[in-house]
Amino acid sequence: LLPDLLPLDLSRRLVRKNSRLTVDEAYAFPQSEPLGEGAFGVVVRAVHRRTGIERAVKRIDKTAHPDSEMLTREVEALRLMDHP
């Protein structure tokens, strides 16, 4: 099966959520243009190096957001979504 044709529950099990790898170690970022931008960061296309599964990864510049409470809420919201 190709990664983009995997059932959602199977693709979720193929990517560990508690990996010790950094995002750059776990994913390749083949496209240089962002998929979207928001107040907290940029969303880019990523491909998991081990499985080949494509993901949208939100990169957040923590130094650009001095309000740690708002940053914490953003990270907590992202944790509820399906992403590693």
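**Figure 1. The salt bridge between Glu54 and Arg45.** Glu54 and Arg45 form a salt bridge in which the closest N and O atoms are 2.5 Å apart. The model shown here and in the following views is a predicted one. Neither partner is classed as buried: Glu54 is partly exposed, with a relative accessible area of 47%, and Arg45 is likewise partly exposed, with a relative accessible area of 25%. A search of the whole structure finds four salt bridges, and among them are the Glu54–Arg45 pair of this view, the pair of Lys58 with Glu74 and the pair of Asp24 with Arg59. In general terms, side chains of opposite charge can pair when their charged atoms come close.

**Figure 2. The salt bridge between Lys58 and Glu74.** In this view Lys58 forms a salt bridge with Glu74, and the closest N and O atoms of the pair lie 2.4 Å apart. Because Lys58 belongs to strand S4 and Glu74 to helix H3 (residues 68-79), the pair ties together parts that are 16 residues apart in sequence. The two partners fall into separate accessibility classes, since Lys58 counts as partly exposed at 29% relative accessibility, whereas Glu74 counts as buried at 17%, a value under the 20% cut-off for that class. When residues up to four places away in sequence are not counted, Glu74 touches Phe40, Lys58 and Ile60. The C-alpha atoms of Glu74 and Ile60, which are 14 residues apart along the chain, are separated by 9.6 Å.

**Figure 3. The salt bridge between Asp24 and Arg59.** Asp24 forms a salt bridge with Arg59, with 2.7 Å between the closest N and O atoms. The pair links distant parts of the chain, as Asp24 is found in helix H2 (residues 23-26) and Arg59 in strand S4 (residues 54-60), 35 residues apart. Both side chains belong to partly exposed residues, Asp24 having a relative accessible area of 44% and Arg59 one of 36%. Arg59 is also among the residues in contact with Val44, once the neighbours of Val44 within four places in sequence are left aside.

**Figure 4. Helix H3 and its buried side.** Helix H3 has 12 residues and reaches 16 Å from its first C-alpha to its last, which is close to the 16 Å expected at 1.5 Å a residue. The buried residues of H3 are Leu71, Glu74 and Leu78. They cover an arc of only 60° around the axis, and therefore lie on the same side of H3. An α-helix has 3.6 residues a turn, so residues three or four places apart point the same way. On the other side of H3, Glu69 and Arg79 are exposed. Strand S4 is included in what covers the buried residues of H3.

**Figure 5. The largest nonpolar core.** The largest nonpolar core is made up of five residues, namely Ala26, Tyr27, Val44, Ala46 and Val57. In soluble globular proteins, nonpolar side chains tend to be buried together. Ala46 lies in strand S3 (residues 41-48) and counts as buried, at 0% relative accessibility. The C-alpha atoms of Ala46 and Tyr27 are separated by 5.8 Å, although the two residues are 19 residues apart along the chain. Leaving aside neighbours within four places in sequence, Ala46 is in contact with Tyr27, Ala28, Phe29, Ile53, Glu54, Arg55 and Val57. With neighbours set aside in that way, the contacts of Val44 are Phe29, Pro34, Leu35, Arg55, Ala56, Val57 and Arg59.

**Figure 6. The chain as the setting for the close-up views.** The chain has three helices and four strands, and from the N terminus on its elements run α-α-β-β-β-β-α. Of the 84 residues of the chain, 23% count as buried. Among contacts in the chain with a separation of 6 or more, 38% are accounted for by residues 24 or more positions apart. The accessible surface of the chain comes to about 6,400 Å², of which 55% belongs to carbon and sulfur atoms.

Technical notes. Residues are numbered from 1 along each chain as its sequence is written. This is a predicted model: local features need pLDDT of at least 70, side-chain atom pairs count only at pLDDT 80 or more; totals for chains, interfaces and linings use all residues. Side-chain values use heavy atoms; hydrogens and water are left out. A salt bridge is a side-chain nitrogen of Lys or Arg within 4 Å of a carboxyl oxygen of Asp or Glu. Helices (H or I, at least four residues) and strands (E, at least two) are DSSP runs, numbered from the N terminus. Buried means under 20% relative accessible area, exposed over 50%, partly exposed in between (1.4 Å probe, protein chains only). A nonpolar core is a set of buried Ala, Val, Leu, Ile, Met, Phe, Trp, Tyr and Cys residues joined through side-chain atoms within 4.5 Å. Contact means heavy atoms within 4.5 Å. Accessible areas come from the Shrake-Rupley method with a 1.4 Å probe; for residues, only the protein chains shown count as cover. The expected span of a helix is 1.5 Å times one less than its number of residues. The arc is that of the directions from the helix axis to the C-beta atoms.
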